[in-house]
Amino acid sequence: MTTPTAAGPGDERVPLVELDDVSKYYGNVRALEGVSLSVHPGEITCVLGDNGAGKSTLIKIIAGLHQHDAGAFRLGGEETKLSSPREALDRGIATVYQDLSVVPLMPVWRNFFLGSEPVKGAWPFKRMDVNFMRETTHSELARMGIDLRDVDQPIGTLSGGERQCVAIARAVYLGAKVLVLDEPTAALGVKQSGVVLKYVAAARDAGLGVVLITHNPHHAYLVGDHFVLLKRGTMAGSHPKTGISLDELTRQMAGGSELEELSHELQRAPVPGHLGGHPVKDAD
(Lines give C-alpha, C1' and ligand atoms only; values in the text may rest on other atoms or scores of the structure.)
Protein backbone atom coordinates (compact mmCIF):
# COMPACT_ATOMS: atom_id res chain seq x y z
CA MET A 1 0.00 0.00 0.00
CA THR A 2 1.38 3.41 -0.96
CA THR A 3 0.65 5.96 1.74
CA PRO A 4 0.89 9.71 2.05
CA THR A 5 4.12 10.28 3.89
CA ALA A 6 5.03 12.86 6.46
CA ALA A 7 7.75 15.31 5.60
CA GLY A 8 11.45 14.84 6.20
CA PRO A 9 13.50 16.43 8.99
CA GLY A 10 13.57 19.87 7.44
CA ASP A 11 9.95 19.77 6.42
CA GLU A 12 7.99 18.59 9.47
CA ARG A 13 4.78 20.47 8.75
CA VAL A 14 4.01 19.12 5.28
CA PRO A 15 0.47 17.71 5.75
CA LEU A 16 -0.59 14.16 4.97
CA VAL A 17 -3.58 15.64 3.13
CA GLU A 18 -4.04 19.24 2.07
CA LEU A 19 -6.93 20.95 0.31
CA ASP A 20 -6.02 24.40 -1.00
CA ASP A 21 -8.89 26.62 -2.21
CA VAL A 22 -10.79 23.57 -3.51
CA SER A 23 -14.11 23.96 -5.35
CA LYS A 24 -16.65 21.49 -6.72
CA TYR A 25 -19.60 22.17 -9.00
CA TYR A 26 -22.44 19.98 -10.22
CA GLY A 27 -23.65 21.81 -13.29
CA ASN A 28 -24.76 25.23 -12.05
CA VAL A 29 -24.89 24.08 -8.43
CA ARG A 30 -22.00 25.14 -6.21
CA ALA A 31 -21.32 22.31 -3.74
CA LEU A 32 -17.97 23.64 -2.49
CA GLU A 33 -16.07 26.82 -3.18
CA GLY A 34 -12.67 27.94 -1.89
CA VAL A 35 -12.32 25.35 0.89
CA SER A 36 -8.91 24.76 2.49
CA LEU A 37 -7.78 22.39 5.23
CA SER A 38 -4.71 20.46 6.34
CA VAL A 39 -4.44 17.05 7.98
CA HIS A 40 -1.29 16.29 9.99
CA PRO A 41 -0.11 13.06 11.63
CA GLY A 42 -1.33 12.68 15.19
CA GLU A 43 -3.90 15.48 14.87
CA ILE A 44 -7.68 15.67 14.49
CA THR A 45 -9.15 18.19 12.07
CA CYS A 46 -12.87 18.70 12.71
CA VAL A 47 -15.13 19.85 9.87
CA LEU A 48 -18.37 21.33 11.19
CA GLY A 49 -21.51 22.45 9.39
CA ASP A 50 -25.26 21.97 9.16
CA ASN A 51 -27.03 19.92 6.51
CA GLY A 52 -26.21 21.32 3.07
CA ALA A 53 -22.98 22.93 4.26
CA GLY A 54 -20.84 20.83 1.90
CA LYS A 55 -19.51 18.22 4.33
CA SER A 56 -20.58 15.25 2.17
CA THR A 57 -18.95 16.71 -0.93
CA LEU A 58 -15.75 17.29 1.00
CA ILE A 59 -15.72 13.65 2.14
CA LYS A 60 -16.27 12.41 -1.42
CA ILE A 61 -13.30 14.41 -2.71
CA ILE A 62 -10.94 13.15 0.00
CA ALA A 63 -12.25 9.58 -0.38
CA GLY A 64 -11.74 9.54 -4.16
CA LEU A 65 -15.44 9.30 -5.07
CA HIS A 66 -15.45 12.68 -6.82
CA GLN A 67 -12.71 14.90 -8.22
CA HIS A 68 -12.47 18.60 -7.46
CA ASP A 69 -12.98 21.18 -10.23
CA ALA A 70 -10.66 23.92 -8.97
CA GLY A 71 -7.92 24.42 -6.41
CA ALA A 72 -5.28 21.90 -5.34
CA PHE A 73 -5.54 18.53 -3.56
CA ARG A 74 -2.18 17.29 -2.21
CA LEU A 75 -1.06 14.05 -0.59
CA GLY A 76 2.25 14.37 1.26
CA GLY A 77 2.86 17.65 -0.57
CA GLU A 78 2.27 16.12 -4.03
CA GLU A 79 -0.66 17.49 -6.02
CA THR A 80 -3.01 14.74 -7.17
CA LYS A 81 -6.53 13.73 -8.18
CA LEU A 82 -7.81 10.43 -6.84
CA SER A 83 -9.66 8.35 -9.42
CA SER A 84 -11.50 5.97 -7.06
CA PRO A 85 -12.02 4.99 -3.40
CA ARG A 86 -9.72 2.01 -4.00
CA GLU A 87 -6.90 4.36 -5.04
CA ALA A 88 -7.55 6.48 -1.94
CA LEU A 89 -7.34 3.37 0.25
CA ASP A 90 -4.19 2.21 -1.52
CA ARG A 91 -2.66 5.61 -0.78
CA GLY A 92 -3.55 5.40 2.91
CA ILE A 93 -6.91 7.19 3.15
CA ALA A 94 -9.67 5.19 4.89
CA THR A 95 -13.19 6.59 5.08
CA VAL A 96 -15.75 5.36 7.61
CA TYR A 97 -19.22 6.43 6.51
CA GLN A 98 -22.15 6.96 8.83
CA ASP A 99 -23.93 3.81 7.57
CA LEU A 100 -20.62 1.86 7.98
CA SER A 101 -21.34 -0.39 4.94
CA VAL A 102 -21.33 -3.55 7.02
CA VAL A 103 -23.19 -6.82 6.38
CA PRO A 104 -25.30 -7.18 9.56
CA LEU A 105 -25.69 -10.98 9.45
CA MET A 106 -22.00 -11.68 8.88
CA PRO A 107 -19.73 -12.19 11.91
CA VAL A 108 -17.51 -9.41 13.21
CA TRP A 109 -14.33 -11.02 11.85
CA ARG A 110 -15.83 -11.33 8.36
CA ASN A 111 -16.79 -7.66 8.31
CA PHE A 112 -13.37 -6.69 9.69
CA PHE A 113 -11.70 -8.10 6.55
CA LEU A 114 -14.53 -7.41 4.10
CA GLY A 115 -12.99 -6.73 0.68
CA SER A 116 -9.45 -7.50 1.92
CA GLU A 117 -9.73 -11.18 2.81
CA PRO A 118 -6.41 -13.06 3.25
CA VAL A 119 -6.23 -16.46 1.56
CA LYS A 120 -4.09 -19.56 1.96
CA GLY A 121 -3.28 -22.55 -0.20
CA ALA A 122 -2.37 -22.82 -3.87
CA TRP A 123 -4.79 -22.66 -6.79
CA PRO A 124 -7.20 -24.42 -7.28
CA PHE A 125 -7.38 -25.01 -3.50
CA LYS A 126 -7.13 -21.36 -2.40
CA ARG A 127 -9.47 -20.47 0.41
CA MET A 128 -9.98 -17.76 2.99
CA ASP A 129 -7.72 -18.05 6.02
CA VAL A 130 -10.55 -18.07 8.53
CA ASN A 131 -8.44 -18.84 11.61
CA PHE A 132 -6.08 -15.96 10.82
CA MET A 133 -9.02 -13.58 10.34
CA ARG A 134 -10.64 -14.60 13.63
CA GLU A 135 -7.43 -14.34 15.64
CA THR A 136 -6.34 -11.08 14.03
CA THR A 137 -9.74 -9.45 14.50
CA HIS A 138 -9.74 -10.34 18.20
CA SER A 139 -6.15 -9.19 18.78
CA GLU A 140 -6.50 -5.95 16.82
CA LEU A 141 -9.71 -5.00 18.62
CA ALA A 142 -8.04 -5.79 21.96
CA ARG A 143 -5.02 -3.67 20.98
CA MET A 144 -7.37 -0.71 20.47
CA GLY A 145 -8.96 -1.44 23.85
CA ILE A 146 -12.14 -2.93 22.36
CA ASP A 147 -13.22 -6.00 24.34
CA LEU A 148 -15.76 -8.01 22.35
CA ARG A 149 -17.27 -11.12 23.85
CA ASP A 150 -17.16 -13.09 20.60
CA VAL A 151 -15.87 -12.10 17.14
CA ASP A 152 -18.14 -14.80 15.67
CA GLN A 153 -21.29 -12.92 16.63
CA PRO A 154 -23.10 -11.10 13.79
CA ILE A 155 -21.92 -7.49 13.65
CA GLY A 156 -25.57 -6.43 13.52
CA THR A 157 -25.92 -7.50 17.17
CA LEU A 158 -23.38 -4.86 18.27
CA SER A 159 -24.40 -1.40 19.36
CA GLY A 160 -23.90 1.52 17.00
CA GLY A 161 -20.91 2.69 19.03
CA GLU A 162 -19.30 -0.76 18.97
CA ARG A 163 -19.71 -0.99 15.19
CA GLN A 164 -18.04 2.40 14.78
CA CYS A 165 -15.15 1.23 16.96
CA VAL A 166 -14.72 -1.95 14.88
CA ALA A 167 -14.58 0.20 11.72
CA ILE A 168 -11.90 2.45 13.26
CA ALA A 169 -9.80 -0.54 14.37
CA ARG A 170 -10.14 -2.04 10.87
CA ALA A 171 -8.82 1.15 9.24
CA VAL A 172 -5.83 1.24 11.62
CA TYR A 173 -5.03 -2.43 10.94
CA LEU A 174 -5.22 -2.02 7.15
CA GLY A 175 -2.50 0.62 7.33
CA ALA A 176 -4.46 3.84 6.96
CA LYS A 177 -2.48 7.03 7.54
CA VAL A 178 -5.54 9.27 7.19
CA LEU A 179 -8.89 8.36 8.75
CA VAL A 180 -12.02 10.22 7.60
CA LEU A 181 -15.03 9.77 9.90
CA ASP A 182 -18.48 10.80 8.67
CA GLU A 183 -20.67 11.86 11.62
CA PRO A 184 -19.61 8.88 13.79
CA THR A 185 -21.68 10.02 16.79
CA ALA A 186 -24.74 11.36 14.95
CA ALA A 187 -27.15 8.56 15.90
CA LEU A 188 -25.61 7.68 19.27
CA GLY A 189 -26.47 8.51 22.86
CA VAL A 190 -24.14 10.29 25.24
CA LYS A 191 -22.44 7.16 26.62
CA GLN A 192 -21.87 5.52 23.22
CA SER A 193 -20.67 8.82 21.74
CA GLY A 194 -18.06 9.00 24.50
CA VAL A 195 -16.85 5.49 23.67
CA VAL A 196 -16.48 6.34 19.96
CA LEU A 197 -14.63 9.58 20.72
CA LYS A 198 -12.23 7.61 22.92
CA TYR A 199 -11.30 5.41 19.94
CA VAL A 200 -11.06 8.43 17.64
CA ALA A 201 -8.49 9.78 20.08
CA ALA A 202 -6.76 6.36 20.11
CA ALA A 203 -6.41 6.54 16.30
CA ARG A 204 -4.88 10.01 16.67
CA ASP A 205 -2.49 8.73 19.34
CA ALA A 206 -1.48 5.91 16.98
CA GLY A 207 -0.16 8.62 14.64
CA LEU A 208 -3.02 8.84 12.13
CA GLY A 209 -4.26 12.10 10.74
CA VAL A 210 -8.01 12.21 11.45
CA VAL A 211 -10.74 14.19 9.70
CA LEU A 212 -13.83 14.22 11.93
CA ILE A 213 -17.00 15.38 10.15
CA THR A 214 -19.66 16.46 12.64
CA HIS A 215 -22.41 18.93 13.37
CA ASN A 216 -21.81 18.70 17.13
CA PRO A 217 -19.36 21.35 18.39
CA HIS A 218 -19.21 19.78 21.87
CA HIS A 219 -17.97 16.46 20.48
CA ALA A 220 -15.56 18.27 18.14
CA TYR A 221 -14.08 20.38 20.93
CA LEU A 222 -13.43 17.34 23.12
CA VAL A 223 -10.97 15.80 20.64
CA GLY A 224 -10.22 18.35 17.91
CA ASP A 225 -6.93 20.15 17.28
CA HIS A 226 -8.24 22.33 14.45
CA PHE A 227 -11.75 23.35 13.38
CA VAL A 228 -13.00 24.16 9.88
CA LEU A 229 -16.53 25.55 9.64
CA LEU A 230 -18.54 25.21 6.43
CA LYS A 231 -21.64 27.13 5.49
CA ARG A 232 -23.47 26.66 2.17
CA GLY A 233 -20.39 25.24 0.53
CA THR A 234 -17.96 27.95 1.62
CA MET A 235 -15.62 28.34 4.58
CA ALA A 236 -17.12 30.21 7.51
CA GLY A 237 -14.01 29.88 9.66
CA SER A 238 -10.78 28.00 10.35
CA HIS A 239 -9.40 27.95 13.90
CA PRO A 240 -6.80 26.06 15.95
CA LYS A 241 -8.12 24.89 19.30
CA THR A 242 -5.88 27.40 21.06
CA GLY A 243 -7.58 30.21 19.12
CA ILE A 244 -11.24 29.58 19.89
CA SER A 245 -13.36 28.68 22.92
CA LEU A 246 -16.16 26.13 22.94
CA ASP A 247 -18.71 28.93 23.43
CA GLU A 248 -17.42 30.82 20.39
CA LEU A 249 -17.23 27.65 18.29
CA THR A 250 -20.82 26.86 19.23
CA ARG A 251 -21.89 30.43 18.45
CA GLN A 252 -20.28 30.33 15.00
CA MET A 253 -21.69 26.88 14.34
CA ALA A 254 -25.17 28.08 15.30
CA GLY A 255 -25.00 31.02 12.90
CA GLY A 256 -23.33 33.69 15.02
CA SER A 257 -24.57 37.13 14.02
CA GLU A 258 -27.44 35.63 12.02
CA LEU A 259 -28.75 33.94 15.16
CA GLU A 260 -28.45 37.18 17.13
CA GLU A 261 -30.37 38.99 14.41
CA LEU A 262 -33.04 36.31 14.45
CA SER A 263 -33.36 36.52 18.24
CA HIS A 264 -34.11 40.26 17.91
CA GLU A 265 -36.74 39.55 15.27
CA LEU A 266 -38.40 36.94 17.47
CA GLN A 267 -38.63 39.12 20.55
CA ARG A 268 -42.20 39.77 21.62
CA ALA A 269 -43.42 43.11 20.39
CA PRO A 270 -44.70 45.48 23.11
CA VAL A 271 -48.46 45.31 23.58
CA PRO A 272 -50.28 48.68 23.75
CA GLY A 273 -51.00 49.54 27.38
CA HIS A 274 -48.02 47.48 28.59
CA LEU A 275 -44.48 48.47 29.49
CA GLY A 276 -41.81 45.81 29.39
CA GLY A 277 -44.46 43.09 29.30
CA HIS A 278 -46.26 44.41 32.45
CA PRO A 279 -49.65 46.18 32.45
CA VAL A 280 -49.53 49.95 32.89
CA LYS A 281 -51.67 50.97 35.83
CA ASP A 282 -53.86 54.05 35.60
CA ALA A 283 -52.83 56.88 37.84
CA ASP A 284 -55.15 57.42 40.80
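**Note on the predicted model: pocket, cores and strands**

1. By class, 18 nonpolar, five polar and three charged residues make up the lining of the largest pocket. The structure discussed here is a predicted model. The volume of this pocket is about 610 Å³. Its lining comprises 26 residues, and those nearest the centre of the pocket are Thr95, Val96, Leu100, Ser101 and Arg170.

2. The lining of the largest pocket may next be traced to the secondary structure. Two or more lining residues come from each of these elements: helix H2 (85-90), strand S6 (93-96), helix H3 (108-112) and helix H5 (160-173). Of the elements, H5 gives the largest share, namely five residues.

3. As an overall frame, the protein has nine helices and 14 strands. Of its 284 residues, 41% are buried. When contacts between residues at least 6 apart in sequence are considered, 65% of them join residues at least 24 apart.

4. The nonpolar cores deserve separate attention. In soluble globular proteins, nonpolar side chains tend to be buried together. The largest nonpolar core of this model contains 45 residues, and Leu141 and Leu179 have the most contacts inside it. H5 contributes the most to this core, with seven residues. A second core, separate from the largest one, has 25 residues, including Leu37, Val47, Val228 and Leu230.

5. Which residues does Leu141 contact, leaving aside its neighbours within four places in sequence? They are Val108, Phe112, Ile146, Leu148, Val151, Val166 and Ala169. The student may wish to locate Leu141 in the structure and follow these contacts one by one.

6. Strand S9 (residues 178-182) is mostly covered, with five of its five residues buried. Val178, Val180 and Asp182 point one way from the strand, whereas Leu179 and Leu181 point the other way. Leu179 is also one of the two residues with the most contacts inside the largest nonpolar core.

7. The pairing of S9 with other strands can be described in two steps. S6 and S9 run parallel and are joined by four bridges; here Val96 stands opposite Leu181. S9 also pairs with strand S10 (residues 209-214) in the parallel sense, over five bridges; in this pair Val180 stands opposite Val211. Val96 appears again among the residues nearest the centre of the largest pocket.

8. Another group of strands shows antiparallel pairing. Four strands, in the order S2-S1-S4-S5, form an open sheet. Strand S2 (29-39) and strand S5 (78-79) are at the edges and have a single partner strand each, so one side of each is left without a neighbour in the sheet. Seven bridges link strand S1 (residues 17-26) with S2 in the antiparallel sense. Glu18 has Ser38 of S2 as its bridge partner.

9. Is Leu222, at 61% relative accessibility, buried or exposed? Leu222 counts as exposed because its relative accessibility is 61%, and exposed means over 50%. Leu222 belongs to helix H7 (residues 217-223). Apart from neighbours within four places in sequence, Leu222 is in contact with Leu197 and Lys241. The C-alpha atoms of Leu222 and Lys198 are separated by 9.8 Å, while the two residues are 24 residues apart along the chain.

Technical notes. Residues are numbered from 1 along each chain as its sequence is written. This is a predicted model: local features need pLDDT of at least 70, side-chain atom pairs count only at pLDDT 80 or more; totals for chains, interfaces and linings use all residues. Side-chain values use heavy atoms; hydrogens and water are left out. On a 1 Å grid over the protein atoms alone, a cavity is a set of points where a 1.4 Å probe fits but cannot get out, and a pocket is an open set with protein on both sides within 12 Å along at least five of seven lines; lining residues have an atom within 4 Å of a point. Grid points are joined across faces, edges and corners, and a volume is the space filled by probe spheres set on the points. Ala, Val, Leu, Ile, Met, Phe, Trp, Tyr, Cys and Pro count as nonpolar, Asp, Glu, Lys and Arg as charged, and the others, Gly among them, as polar. A nonpolar core is a set of buried Ala, Val, Leu, Ile, Met, Phe, Trp, Tyr and Cys residues joined through side-chain atoms within 4.5 Å. Buried means under 20% relative accessible area, exposed over 50%, partly exposed in between (1.4 Å probe, protein chains only). Contact means heavy atoms within 4.5 Å. Two strands pair if DSSP finds at least two bridges between them.
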